[in-house]
Structure formats: C-alpha cells, structure tokens
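User: Hi! Could you walk me through a model I have been looking at? I have a few questions about its contacts.

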Amino acid sequence: MSLLSVEDIHVSFTTYGRTTEVLKGVSLSVPAAQQVALVGESGSGKSVTMKSIMGLLPQAARITQGRILFDGDDLLTMRERDRLKLRGTAMSMVFQDPMSSLNPVWTVADQLSTILKYADRRLGRARDRRGRMARVHEVLAQVRMREPERVAASYPVQLSGGMRQRVLIAMALLSEPRLLIADEPGTALDVTTQAQILKLLKDLVTERQLALLMITHNLGVVRETCAYTYVMHKGAIVEEGRTAAIFAEPQQDYTRALIAAVPRLTGRDAA
Amino acid sequence: MSAPTLEIRNLTKTFPIRTAFGGKAGAVTAVDDVSLRVAAGAVYGLAGESGSGKSTIARMVMGLTRPDSGDILIDGQSIIGVKSHAHRGRVQMVFQNPGASLNPRRTVGQSIRVALDAHGKPAARVGDLLDMVQLPRHFADRYPHELSGGQKQRVAIARALAVEPRLLVLDEPTSALDVSVQAKVIELLEDLGRDLGLTYLFISHDLSLMRNFTAEVGVLYRGRIVETGPTARVFADPQHDYTRLLLASVPVISDEEAALRPDIPLINGELPTAEELLALRQAERKSE
C-alpha cells in the first residue's frame, strides 16, 4: 500500500463569485521509501496539488471531490487535531525559498527548536530545552553542516543560500517524517550549490528510508532524484511512469513537446 | 579584417567594501582583467554563477558602470567617455525579468514609442517591431499585466530593437520563463540575429542553454575568464576545474548528456564547492 495516495481530487477556486476548477481529478501515489516527482510548468496545478496534500489551500479554494490518504487515513475527513499531528511531523515540507521561509530576526536554533517544541506538544512527547537543542544540532549535522553549533547560533543573513536551503531541509527532518514534500528545492540557487542540495536530498532519503514527493518544473532535477514521474498539465495528470521510460519514450503529445523544449548539454544535433 | 562588433580589453572593476559608517574597509575585484572579442553576427556566451562578475561586465558594456581600467570597443570605437545617448543607439539590453523591466502604467505601444522617440525614429515603427517579435499588432494597446511572461519578454526585445542596435546584451533573458516558452523565445532571438545581423552577448548560468545558443563561451569565476573557446569544444573537453565542476552540476535528462559530465571527486562523501575543488587541485599539484 502507498504511504500517500491522492485519489481523484478536484479543486475549485471561487473569486468574485466565479468558480473555476483548477484540479480536474488528480490521482497519484507515493509508496513508502520511494521517490516520486510531480512535474509541470507554471499553471499546471502542481502547487495546488501540493497545497491540497498539506492542507495549505487558500480560503478561496475548495476540494470538491476525492480523497487524500496518508497511511490509509483520509486527510480530508479526519479531525483537524489529527491532521495537525501528521503535518510537519509524519509528513513535512522542504520549501523553495530560503529567504522568505526563515525568520530573519531569529537564530537558526531558535526557529528549529520552536518548531520542535510544537511538534512535540502535538505528539504528546516530552523533551526539555536541552533535549531540543541536542536534536537541533543533530539534524544540522544530518544535513552535513560541518559546524552545527555555529550554524545553530547564526541568523539567516549570516548563512549562504546553500546553507539556508540545508537549514530548511533540517527543519523538515526535525520530527523524523516518513514523507518529505519538496517544492522546487534548490531552484533559487547556483547550479553547483543546487547539485550539492540534490545530492544531499538523495542521500538523505536513501539513508533514512524516506518517501519523497518532488514538485518541480525542472526535468533534469526529476531525472536526478526520482525513479517515478507524474507529468501534470492544465490541472490533470497527463502521463505517468518510470522516469527513464517517460524521458526516453514519452507517450503524450504534451510530454513530448515538453521534453523536446529542454536544451541539451550535448547540443542540438544529439537531441 | 574588420573590427569585431564587441571587443573588451583587460577590463577591470573593483568595488569598495564599506563599513557601517561609510569608511572604506577594502575592495572586491568584481571583474579582473577580462578580455574577449565577439565578431559581427556572432553569439558569445558568458557563463558564471552569482558573484562571477557577469552582470558587472554587462553593465559596463551598456555604459551603466565605469570600468577602473581597460577598454570596451564597439565596432572598433571605444565607448569610454562616449555620450550615453549615442552609445545606446548601438547597444541595447534585454533583462531577466520582463515583469520588472516594463513600465506597468504604459501600454506596449507607449513603451516601444519611448525608445523610438528618444532616437528620432518614426512612431509608426511600433507595428513593424511587433511583427518582428511575432506579436499581433493590436498588442500595442495592451498593458504588461495583460501579457504572459513570454509575451512580455517579446515586448522587451521589440523595445531593444527599436533603436536598431548592433549589439544586444541578453542578461538571463529566459530564466524566468517556462521551458516551452523559453524554447520559443530563443528561437525568435536566433531568427532575429540571422535576419538583422545582430551580435549577441548572452549571459546565463544555464549551461545547457549556453551549449545550444552560443558559438563561443567564456567561463567566469570570481571576475576572471578561466576558460574560453568554441562552446562545443569547451563542453566536450573542459580544461579548467571550475568548468568541469559547473558541467558536472547540470541536471540533465538523458544518459548521453550524463555521460558528457566530468567526474568530480567527492570530499567527505559530498560534492565539493568550487573553492574546495580548486584548493584540492592546488594541494595535489604541490604534492607532485
């Protein structure tokens, strides 16, 4: 059974009294300890899908149909209390933009330990301040920070873009999730830093047996990190399959055009 | 032999580092002795990451920043000290974010007309320019917010072409666009370059795009061109470690491309940063 399974969800937005359906029956599943990509261009609905899963849809949006099962439980019908117990704990997010996802006036340690405090409280776990700090240093080491103590005591502006992205990954790992949802990780970074972040994510999910749902527009990132891919276009999944198979032999016109549009490192003649 | 459309000779620019009270605390060399030549009608790519100095070079070519030393020549004539108005008739720039580089309160036609008026070209050219960038003529009455990202970038290109420049500086012109839109804008730039005999200085961090769009490339690292040559050759056989690291970092979509990426030694199981890799190489060379 899949750890996460999205079944035929429809989402509508109502603005100025007009209702538009933006997700038209999206189904996808992420098996435990597997890495799955959801790829699409802007407006495809990949972010709305992600927000539906995390329960972060804006007020104007409504899920009109479908189920989202996490470990067999429907996230859409469970009590808010129970959902809160999962969000940020069993399933957590790695956000894209390190600058706007971190509070500039708090140190890394303050931010991470506060998140941990609330996660502990929701799960009914007891951990004192010292215990939380120990855990914060531990996750910073897990994301390969060479000096976790120094990073913990830093403010976000004192860190490079790559290090801030690592802090965001550490934040997602704090309460030992089983599913990571990564929204365009590393796209705001330089290409060499992005490569480091992608390798880190890959190493982490393998080491810790995490399921990963990677949401991105970058087909290269998909190939680097995920064995299975869903291609989204205009609010629907247009193609799914093993990443290698999709990239080698796309079946749908849209996927074919998308792949053909990607510039190749080998140049034009080889593509 | 005729002079190259763009020639940069030993260009250097340093910026002061200031303390909180405005005192000088040192200097950072943003561009360090850069030289390059771009022949008429050619496409030259400057590849580099943040802090490499590529935008500073673009600004100096545009005449927006004065170099400390060195020279920039357009068609064999130095631009240092030349009146900016005359200069702008020859060199134009297309910026990264068309949403920010177009005035939201001007229609497309008004935006293009500003450029035409400034250089004494007839306002009636707006329609021709829209044709050139393959937008319908009635788009002249639209505002930027009514356009998609790709359409806005086409308007920015039309505006740059209004003065009939010799050289276009393209600063990451497609990095804000979806990949399918990017492909179309690049195709348009190629067509225009061919039809109008334009010369391009193309600035990007996207090496795959660089490989497809440029004939020659210069790899910038900390203000210096560490490697330069025909793009196909540099990519197939990179000589400098930084070029190798850049190429190794590109996420690719096929095995053929993956095979082209050089192997980079891991340091403590991790991909090294540029500094780490270069330090490692230096240490290796010393111990030999």
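User: What is the area buried between chain B and chain A?

Analyst: Happy to help, and please keep in mind that this is a predicted model. The contact draws on 38 residues of chain B and 32 residues of chain A. Carbon and sulfur atoms give 53% of the area buried between the two chains, and that area comes to about 3,200 Å².

User: Which residues in chain B lose the most area to chain A?

Analyst: Three residues stand at the top of that list. Together they make up 23% of what the chain B side buries. They are P251(B), I253(B) and E270(B).

User: Which side chain of chain A does E276(B) meet in a salt bridge?

Analyst: The rule finds 5 salt bridges across the interface of chain B and chain A. One of the side-chain pairs meeting in a salt bridge includes E276(B), with 2.7 Å from N to O. The partner of E276(B) is R146(A).

User: Are helix 4 and helix 6 of chain B roughly parallel or roughly antiparallel?

Analyst: Helix 4 (residues 108-118) and helix 6 (residues 149-161) of chain B have axes 8 Å apart and pack at an angle of about 25 degrees. Angles under 35 degrees count as roughly parallel. The two helices of chain B are therefore roughly parallel.

User: How many nonpolar residues does the contact of helix 4 with helix 6 of chain B have?

Analyst: From helix 4 of chain B come V108(B), S111(B), I112(B) and A115(B), which meet V155(B), A158(B) and R159(B) of helix 6. By class, this contact has 1 charged residue, 1 polar residue and a nonpolar count of 5.

Conventions
Residues are numbered from 1 along each chain as its sequence is written. Chains are lettered from A and ligands numbered from 1 in the order in which they are written. This is a predicted model: local features need pLDDT of at least 70, side-chain atom pairs count only at pLDDT 80 or more; totals for chains, interfaces and linings use all residues. Side-chain values use heavy atoms; hydrogens and water are left out. Axes are lines fitted to C-alpha atoms, for helices over the stretch in contact, and angles run from 0 to 180 degrees between N-to-C directions. Helices (H or I, at least four residues) and strands (E, at least two) are DSSP runs, numbered from the N terminus. Angles under 35 degrees count as roughly parallel, over 145 as roughly antiparallel, 65 to 115 as roughly perpendicular and the rest as oblique. Contact means heavy atoms within 4.5 Å. Ala, Val, Leu, Ile, Met, Phe, Trp, Tyr, Cys and Pro count as nonpolar, Asp, Glu, Lys and Arg as charged, and the others, Gly among them, as polar. Buried area is the accessible area (1.4 Å probe) that two parts lose on being put together, summed over both. A salt bridge is a side-chain nitrogen of Lys or Arg within 4 Å of a carboxyl oxygen of Asp or Glu.
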